[in-house]
Amino acid sequence: MTRLTTELSSGKVADVRQVLDGNHNYLTSLERSLEVLNGYSVANTEAAYLMETMQTSLENVQNFGSELGLDLILAGGGPIGVVSGNQSENARTQLSATLNSLNDDVAGRSLFAGAATDTVPLPDADELIALVRAEVLGQTTPEDIFAAAKAWFDDPAGFDTVAYSGSNTSLAPFVLSDTERVSLDIRANNPAIKELLMNMSVAALADDPGLALDVPTQSELFGIAGLGLQSNQDQLTRVRTTIGFVEGRVETISARNQAEEIGTEFARNALLASDPFEAATQLESVQFQLESLYTITVRSSQLRLVNFL
């Protein structure tokens with residue numbers, strides 16, 4: 001009665017050996033598949049969260065660049081003249097916020113450091129500005145300043161070696177199923193990101209005493225940096241599109257894994273499920289037998305020779 005009550009309440013057979021007739025291979029295979037799929041589910045969740053966080057960080061970075069670009073274009077003068085305000089300080093503030101976003105991490109793993117997930121990939125704003133300043137000192141025109149800065153950012157021995165602290169190797173591919181792997185190689189030394197950092201850094205140096213730029217020259221430099229930041233928007237959009245494509249693949253693979261997991265669980269449950277009608281019928285029969293036994297036992301206990309005589 002205990003066995004039948006358990007089967008009726010759980011919906012599963014109590015004696016697995018009897019159902020499988022000693023052949024556990026099929027059940028073992030199903031349970032192993034469920035364990036593997038559960039592991040892939042964790043990997044899918046991790047990959048999806050990592051990419052979602054990368055998207056959020058790059059969205060912030062793109063917004064910082066867009067806002068600063070518009071401000072610098074206005075500060076560059078043109079038909080409405082030079083806009084008042086300390087645009088170099090504004091550039092330093094936006095650069096600092098951009099670097100903080102690019103140095104983000106998830107559970108201690110850096111987002112944009114490549115395989116060096118335990119490393120903060122970029123320096124702080126003051127340090128980066130100081131590095132760019134050392135490269136542009138002595139230049140007197142906005143064109144020469146940008147040319148010197150661009151040469152340093154493009155030189156493998158420049159920004160990539162001195163400022164970027166991450167790895168030049170991308171993250172290992174995410175294993176999301178028996179046949180599916182996805183890779184994502186977006187690092188802080190990506191050309192689109194370097195272009196953004198260059199324009200922000202140069203704009204932050206416009207009022208530097210070492211450069212000794214007069215107001216008209218500063219305004220011209222602001223205008224060039226602002227246009228550079230605006231044209232950089234398309235590059236950043238393409239970077240985010242790459243992440244979005246990989247996010248779509250992760251979502252598709254995750255849905256496929258979930259469907260396979262549901263099917264496998266159904267097969268296992270069908271193998272181990274008890275027939276509720278049969279279990280209820282047998283339980284009722286056993287209860288009747290037990291009640292009959294109790295009745296007989298009571299009557300037997302009342303038998304006395306004196307009563308018989």
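Trainee: What span should helix α5, residues 125-136, have at 1.5 Å a residue?

Mentor: Helices here are DSSP runs of H or I with at least four residues, numbered from the N terminus, and the expected span is 1.5 Å times one less than the number of residues. For the 12 residues of α5 that gives 16 Å, and the end C-alpha atoms do lie 16 Å apart, so expectation and model agree. Bear in mind that this is a predicted model, in which local features need pLDDT of at least 70 and side-chain atom pairs count only at pLDDT 80 or more, while totals for chains, interfaces and linings use all residues. Residues are numbered from 1 along each chain as its sequence is written, and side-chain values use heavy atoms, with hydrogens and water left out.

Trainee: Which residues of α5 are buried?

Mentor: A residue is buried at under 20% relative accessible area, exposed at over 50% and partly exposed in between, with a 1.4 Å probe and protein chains only. In α5 the buried residues include Ala125, Leu128, Ile129, Val132 and Val136. These residues share one side of α5, because they cover an arc of only 100° around the axis, the arc being that of the directions from the helix axis to the C-beta atoms. On the face turned away from that buried side sit the exposed residues Asp126 and Ala134.

Trainee: What covers the buried residues of α5?

Mentor: Taking contact as heavy atoms within 4.5 Å, the cover includes α4 (87-102), α6 (142-154), α7 (159-162) and α8 (191-204). Just after α5, Gly138 adopts a positive phi of about 95°.

Trainee: Which residues of α6 are buried?

Mentor: They are Pro142, Ile145, Phe146, Ala148, Ala149, Trp152 and Phe153. Their arc around the axis is only 160°, which puts them on the same side of α6. The 13 residues of α6 reach 18 Å from first C-alpha to last, close to the 18 Å expected.

Trainee: How many aromatic pairs are there?

Mentor: Rings of Phe, Tyr and Trp (its six-membered ring) pair if their centres lie within 6.5 Å, and planes under 30 degrees apart count as stacked, over 60 as edge-to-face and the rest as tilted. By this rule there are three aromatic pairs. One of them joins Trp152 and Phe153, whose ring centres are 5.0 Å apart with planes at 85°, so the pair is edge-to-face. Trp152 also pairs edge-to-face with Phe159, at 6.0 Å centre to centre and 90° between the planes. Ring pairs thus link Trp152, Phe153 and Phe159 into a cluster.

Trainee: Are Trp152 and Phe159 buried or exposed?

Mentor: Both Trp152 and Phe159 are buried; Trp152 counts as such because its relative accessibility is 8%, and Phe153 likewise counts as buried, at 1%.

Technical notes. Helix = DSSP H or I, 4+ residues; strand = E, 2+ residues; numbered from the N terminus.
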